[in-house]
Amino acid sequence: MASFDFVDAAAKSYELLWRERSYLVRVAAPVVFVKMACMLAIHVLYIEDQFLLSGLIKLPGFILEAILAVGLIRYVLYKEPIFIAGRSITAPETRTPSARYAGPMSPTQCVQAGFAMYLLIILCQTAFAGWFNDYAAMLQAQDMKPVPIEPTIWHAMIGLSLLWVGVWMFRLGWLYIPVAMGYSFTAFLRRIKGLSVSFYIFATWFICTLPILILYAGVVNILGLAIPEGVGIDIVLNTAVAAAAEITMVALQVVAMTYGITEILSSDDQKKSEQ
């Protein structure tokens, strides 16, 4: 059964981001700036409630976010410098030895495949969220009330089945990580075919997300007390904080999942060698 120490993976993620903060801030700054510009454009155009159109406006930010995510994976594993904003940012010297990549694909192919997979996943998520939001808005506009249905055992079974599918599919949001590492995503899915690995992945995501959300809410509340709501500086500062918090969560999640997936793959390889 595939599993990993999600607490250790998350702890390593926080530790790496803090230890390498000066380098990662330089790498992430262009991504934060572009995402901030996209958010401001959405606010100026008053299209916050139009998910599909907003997703189109956010596309430049998604592209840079995908480049950053794949770069972080390669940096964590192989200490390869991260390529962002048209140039490769040289990584600082480190005493920690890094593994050498020896996969079937070239490093460039791994980066390209991981980038394409990340962008595909984020676009599918955006399209689904947009469709769901538009459908709900249409029902609300038509003032359609759901017809009351008496719950039965079949409804409970359908609900549990949908929950099972949703839990299992949560792993699909991280397929870009083994791809960027040079692994086949189909082979990776066969290794994590059990349901329990989704709970490890969710726990890792939760640990990397909740503290940043709490910190973000605290900063927003402080800004709300210090600056009148709705003025230009308030909008810009809140957007900047939101963009920085989003990229921080993405970085923490990517690094932690990279450690966790590496543990899964290495433990499986070790079991095969022992056999």
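This is a guided tour of a predicted model, moving from the whole chain to single residues.

Begin with the whole protein chain shown as a cartoon, where there are 10 helices and two strands to find. Followed along the sequence, these elements come in the pattern α-α-α-α-β-β-α-α-α-α-α-α. If you then colour the chain by burial, you will see that buried residues account for 35% of its 275 residues. Among contacts between residues at least 6 apart in sequence, 78% join residues that are at least 24 apart.

Next, select helix 9, residues 196-226, which has 31 residues and reaches 46 Å from its first C-alpha to its last, close to the 45 Å expected at 1.5 Å a residue. The buried residues of helix 9 include V197, S198, I201 and A203, and further along the sequence T209, I212 and L223.

Keep helix 9 in view and add helix 1, residues 6-19; the axes of these two helices come within 9 Å and cross at roughly 35 degrees, and their crossing is right-handed. To see the contact itself, show the side chains of F6, V7, A10 and Y14 in helix 1, which meet Y200, A203, T204, I207, C208 and P211 in helix 9. Sorted by class, this contact of helix 1 with helix 9 has nine nonpolar residues, one polar residue and no charged ones.

The next stop is the largest nonpolar core, which has 58 residues, and in which Y23, L68, I73, Y176 and I177 touch the most other members. Two or more residues of this core come from each of helix 1, helix 2, helix 4, strand 1, helix 5 (107-141), helix 7 (176-181), helix 9 and helix 10 (232-274). Helix 10 gives the largest share of the core, 14 residues. As general background, nonpolar side chains in soluble globular proteins tend to be buried together.

From the core, pick out L68 and display what surrounds it: leaving aside residues up to four places away in sequence, L68 touches V27, A28, V31, I84 and I247.

Now move to E65, which lies in helix 4. Is E65 buried or exposed? With a relative accessible area of 4%, which is under the 20% cut-off, E65 is buried. Again leaving aside residues up to four places away in sequence, E65 touches V31, K35, Y118, I122, E246, I247 and V250. Two of these names, V31 and I247, also appear among the residues that L68 touches.

For a contrast, select F132, whose place is in helix 5. F132 is exposed, because its relative accessible area is 51% and the cut-off for exposed is over 50%. Add F51 to the selection, and the two residues turn out to be 9.2 Å apart in space, C-alpha to C-alpha, while they are 81 residues apart in sequence.

The tour ends in two loops. In the loop between helix 2 (21-44) and helix 3 (51-57), select Y46, which has a positive phi of about 55 degrees although it is not a glycine. Y46 counts as exposed because its relative accessibility is 67%. Then go to the loop between helix 4 (59-78) and strand 1 (82-84), where K79 lies; K79, too, is not a glycine, and has a positive phi of about 55 degrees.

Conventions. Residues numbered from 1 in each chain as written. Predicted model: local features only at pLDDT ≥ 70, side-chain atom pairs only at ≥ 80, totals over all residues. Heavy atoms only, no water. Helix = DSSP H or I, 4+ residues; strand = E, 2+ residues; numbered from the N terminus. Buried < 20%, exposed > 50% of the residue type's maximum accessible area, 1.4 Å probe, protein only. Axes fitted to C-alpha atoms, helices over the stretch in contact; angles between N-to-C directions. Left-handed = near helix turned anticlockwise from the far one by under 90°. Contact = heavy atoms within 4.5 Å. Nonpolar A, V, L, I, M, F, W, Y, C, P; charged D, E, K, R; others polar. Expected span 1.5 Å × (residues − 1). Core = buried A, V, L, I, M, F, W, Y, C linked by side-chain atoms within 4.5 Å.
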